[in-house]
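Visitor: Got a minute to walk me through this one? I'd like to start with the smaller questions and work up.

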Amino acid sequence: MAGELFNLTLKEASDKLRSKEVSSRELTQSVLDRIAAVDDKVKAFVTVTAEQALAQADEMDKILAKGEATSPLAGIPINLKDVLSTKGIRTTCSSKMLENFVPVYDATVVERLRQAGTVLVGKTNMDEFAMGSSTENSRFFTTHNPWDLDTVPGGSSGGSSAAVAAGMGFLSLGSDTGGSIRQPASLCGVVGLKPTYGRVSRYGLIAFASSLDQVGPFTRDVTDSALVMNAIAGFDSRDSTSIDQPIPDYTKALNPDIKGMRLALPKEYFVEGMDPGVERTIRTAVAKLQELGAVVEEVSMPHTKYALSTYYIIAPSEASANLARYDGVKYGYSDAQAPNLIEGYFRTRDEAFGSEVKRRIMIGTYALSSGYYDAYYLKAQKVRTLIKADFDKVFETFDAIISPTSPTVAFKIGEKAADPLAMYLSDVCTIPANMAGIPGISIPGGFSDGLPVGLQILGPALGEEKVLQIAYAYEQATEWHKQRPPLS
Amino acid sequence: MKLEREVVDNVAVLARLGLDDNEKERMREELAPILDYFEMLGELETSHIPPTAQVITIQNLMRPDEARPSLSPEDVLANAPGREDSSFRVRPVFGGQ
């Protein structure tokens, strides 16, 4: 029985801690044992902090014994995508550039999870600087999908989704710029929530595309997602894009009654080239929501097809500016041989960035360069206005939007690695929400060919409660979230 | 479209990326279809559409201009590839070809 602790949900583990059925040390040991048993196959972790985790767990057991722990997250072993700064713990972004970088401060979300009493067991693998959809762009190694080790876990937060799916932590935080939480959650059969832009602090999140980046949780069910949001959401004066509005108790949104709720099904999200199995699964899920009393109507969001182009101009443009900070002077990799300052920039950046990062810096620099700015960057920002207007219009008469999270199930490692454009298409259903800054969740919606299919629910800005409620209603009526990958 | 080599050369200089010949040729081949894909945005008439730089309504967030604690010099320099006393050490700016 003790060996199965790692498979509990966060809420179940938390309840067992409160009733003294288990200790934080037992939970933590169970997760560390699971990492030792399966992570040589899954390869979800860049860094495992076993000793610190056990010491932290012992500390939490003392606090729990005194009844002084207030958060339901107290004593819970977690992991974090290696894009979030952790004081004193190496934070690499899975890049050679930051291979030995040890942050001197915690990200706000890390600070909040520490204050809640969580136990950090490690940092997870990702596509370098969060650029990618498969973790194949990690400069260290590729993470494997626990459902089929020959396939990718999705990305860029693939280490986080694989870790949560495989029982190597009850919670992970990732970042989502164009789908990097929802797409890997979909491919690994877990719950991934991207909150409204500005709802969760980005202070200490290593920047990719600052007008799109948002931090959010990976969990095994929707209840856990709400519990984590209670801990991480809210205003932060250190993030100038943080929204200063009160935070609700997200668990209060977990009401399975969705009778009469109006859900929009945008026909443009059922794209050409979509797996027929994914489409079938999503249509079945939609029928289930109707059975629960929701009113589903097909809608058209005519600018959806332009979202991918818009994204692949805006995100690389912002990335090319953000990644200018890697100069080999302040921190990170530095070429030791360069004879002068400028040659040092050229060599440092050539040696330490991987090919996808270089590609995006090149696209972004091109799009922002003199003579091309109006045709690319400004044009994309204008189209972004049209994409956002599509959402505003739908939310005038609908509570939420339902769609597949990704057009395919997990694909084979190597299958799309040689074709950047084919890889970019993995994010076609998730990118529009980032352009509009709205919240979205991916929840287990069934299986196709034995692999998980994610159901995406998008809500209006600050509509996390509605998104969580619909997700919860679907989850309560199905058993998909209880499935665990057949890893031994 | 065909991406001229000199465009790739120029963008690499702007981005301070020291790509070698092989990498530049590969970029030329890989970026062309991506830029072609962007052409679809030309289908949309946008002359009267305002651009969206970001989606939240916060414009400028001001705070009082008061002294407050910041990182110590030791922390700031903790990850520096090169340092001298409490400064970053950089390579010579001039010369040294």
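**Chain B and its contact with chain A**

Visitor: What order do the elements of chain B run in from the N terminus?
Guide: They go α-α-α-β-β, with helices (H or I, at least four residues) and strands (E, at least two) taken as DSSP runs numbered from the N terminus. This is a predicted model, where local features need pLDDT of at least 70, side-chain atom pairs count only at pLDDT 80 or more, and totals for chains, interfaces and linings use all residues. Residues are numbered from 1 along each chain as its sequence is written, while chains are lettered from A and ligands numbered from 1 in the order written.

Visitor: And what's the radius of gyration of chain B?
Guide: 23 Å, where a compact globule of 97 residues would be near 13 Å. That's over C-alpha atoms, and the globule rule is 2.2 Å times the number of residues to the power 0.38. The C-alpha trace spans about 55 × 50 × 20 Å along its principal axes.

Visitor: How many residues does the contact take from each chain?
Guide: 43 from chain B and 52 from chain A, with contact meaning C-beta atoms, placed from the backbone, within 7 Å.

Visitor: Which element gives the largest share of chain B's side?
Guide: α2(B), with 7 residues.

Visitor: What's that side like by class?
Guide: 31 nonpolar, 8 polar and 4 charged residues. Ala, Val, Leu, Ile, Met, Phe, Trp, Tyr, Cys and Pro count as nonpolar, Asp, Glu, Lys and Arg as charged, and the others, Gly among them, as polar.

Terms used
Contact = placed C-beta atoms within 7 Å.
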